[in-house]
Amino acid sequence: MKNRSEYHSALAAEYALGTLRGLARMRFERKARRDPLLAADVANWQRLLTQLDNQLTPLTPPEQVWKRLQLQLPPPNVRHLKHNPWSYVGWAVAACLAAILLIPRLLVEPPAAIPVAVLSNSQQSTQWVVSLEKSTRSLTLTPLNPVAVSDTHSLELWSIPAGEKPHSLGLLNTQGPTQLTLAENQLTAHSLLAISLEPHGGSPTGQPTGAVLFSGPLQNL
């Protein structure tokens with residue numbers, strides 16, 4: 001069972017991730033305003049989670065997008081503009097509106113992943129952030145701190161549905177993000193995610209054989 005400090009740290013992580021919602025979020029905010037240590041814990045989580053932004057790659061619209069925008073815009077009336085310079089303003093507004101309406105339809109935006117779990121060790125000193133992109137069933141695990149594992153061992157991720165045996169989801173990179181593609185129904189609501197220390201290459205039995213180093217409940221599925 002988690003002690004009070006661990007419980008508050010878990011709430012701070014959920015608040016920073018945005019998975020703490022509704023009345024629970026309002027109660028937490030009131031408590032954080034009265035508790036400087038809790039507020040500092042939230043600030044620390046927010047600082048750590050901003051590291052995830054460094055993985056994002058800027059998206060430059062293809063050249064054909066701008067060409068299609070030009071084709072969609074009405075040609076300016078040159079004679080009228082000479083007599084009424086303010087017409088430039090209207091044409092510019094039309095161009096902006098066309099861009100707002102057309103660019104989302106012409107660009108294929110990368111799918112958005114949502115945080116679904118924070119996996120912590122028993123000391124709450126190291127955490128993994130787990131994000132899921134539902135349409136592609138892509139699970140991304142990001143360690144907030146590098147995890148030291150010897151060459152003779154591997155970290156393996158497990159899904160543990162309530163009342164069932166663990167199911168392996170794959171091996172993890174200890175020094176950076178790991179992306180795993182899930183099969184249908186590999187993740188279910190009310191499951192627990194856990195990371196165990198296994199022999200190099202993964203568990204030889206199909207079940208965890210080593211110590212469970214990190215764990216956390218699956219949320220926001």
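This is a short walk through one chain, from its overall layout to a hairpin and two aromatic pairs.

Hi everyone, thanks for coming. Please keep in mind that what we have on screen is a predicted model.

Let's start with the whole chain. There are six helices and eight strands, and if you read along the sequence, the pattern is α-α-α-α-α-α-β-β-β-β-β-β-β-β. Of the 221 residues, 36% count as buried. About 14000 Å² is exposed, with carbon and sulfur atoms supplying 58% of that area. As for contacts, among those with a separation of 6 or more, 58% come from residues 24 or more positions apart.

Now to the inside. The largest nonpolar core has 20 residues, and Leu119, Trp128, Leu139, Leu141, Leu157, Leu193 and Ile195 have the most contacts inside it. Six strands, β1, β2, β3, β4, β5 and β7, each supply at least two residues of this core. A second, separate core has 14 residues, including Ala12, Phe28, Val118 and Val129.

I'd like to spend a moment on β3, residues 138–143. How many of the residues of β3 are buried? Six of six. In a regular strand, side chains alternate between the two faces of the sheet. In β3, Ser138, Thr140 and Thr142 sit on one side, with Leu139, Leu141 and Pro143 on the other, and both faces are covered.

Which strands does β3 pair with? On one hand there is β2, running antiparallel and joined to β3 by six bridges; here valine 130 stands opposite leucine 141. On the other hand there is β6, residues 178–181, also antiparallel to β3 and joined by four bridges. In that pairing, leucine 139 stands opposite leucine 180.

Let's look at the turn between β2 and β3. The two strands form a hairpin with four residues between them. Arginine 137 lies in that loop, and its phi is positive, about 55°, although it is not a glycine. For context, most residues other than glycine have a negative phi. Is arginine 137 buried, exposed or partly exposed? Its relative accessible area is 33%, so it counts as partly exposed.

Just before the turn comes glutamate 133, in β2, which covers residues 127–133. This glutamate 133 has 10% relative accessibility, so it counts as buried. Where does its side chain reach? To the backbone nitrogen of threonine 136, at 2.8 Å. Glutamate 133 also lies 9.7 Å from threonine 181, C-alpha to C-alpha, though the two are 48 residues apart in sequence.

Last stop, the aromatics. A search of the whole structure finds two aromatic pairs. In one, the ring centres of tyrosine 15 and phenylalanine 28 are 5.2 Å apart and the planes are at 35°, so this pair is tilted. Because tyrosine 15 is in helix α1 and phenylalanine 28 in helix α2, the pair ties together parts 13 residues apart in sequence. Tyrosine 15 is buried, at 16% relative accessible area, and phenylalanine 28 is buried too, at 5%.

The other pair, tryptophan 128 with phenylalanine 214, is edge-to-face, with 6.0 Å centre to centre and 65° between the planes. Tryptophan 128 belongs to β2 and phenylalanine 214 to β8, so here the link spans 86 residues. Both tryptophan 128 and phenylalanine 214 are buried.

That's my tour. Happy to rotate the model and take questions!

Terms used. Residues numbered from 1 in each chain as written. Predicted model: local features only at pLDDT ≥ 70, side-chain atom pairs only at ≥ 80, totals over all residues. Heavy atoms only, no water. Buried < 20%, exposed > 50% of the residue type's maximum accessible area, 1.4 Å probe, protein only. Polar contact = N/O pair within 3.5 Å; in protein donor to acceptor, adjacent residues only side chain to side chain. Core = buried A, V, L, I, M, F, W, Y, C linked by side-chain atoms within 4.5 Å. Pairing = 2+ DSSP bridges. Contact = heavy atoms within 4.5 Å. Areas by Shrake-Rupley, 256 points an atom, 1.4 Å probe, with all protein chains shown as cover. Phe/Tyr/Trp six-rings, centres within 6.5 Å; stacked < 30°, edge-to-face > 60°.
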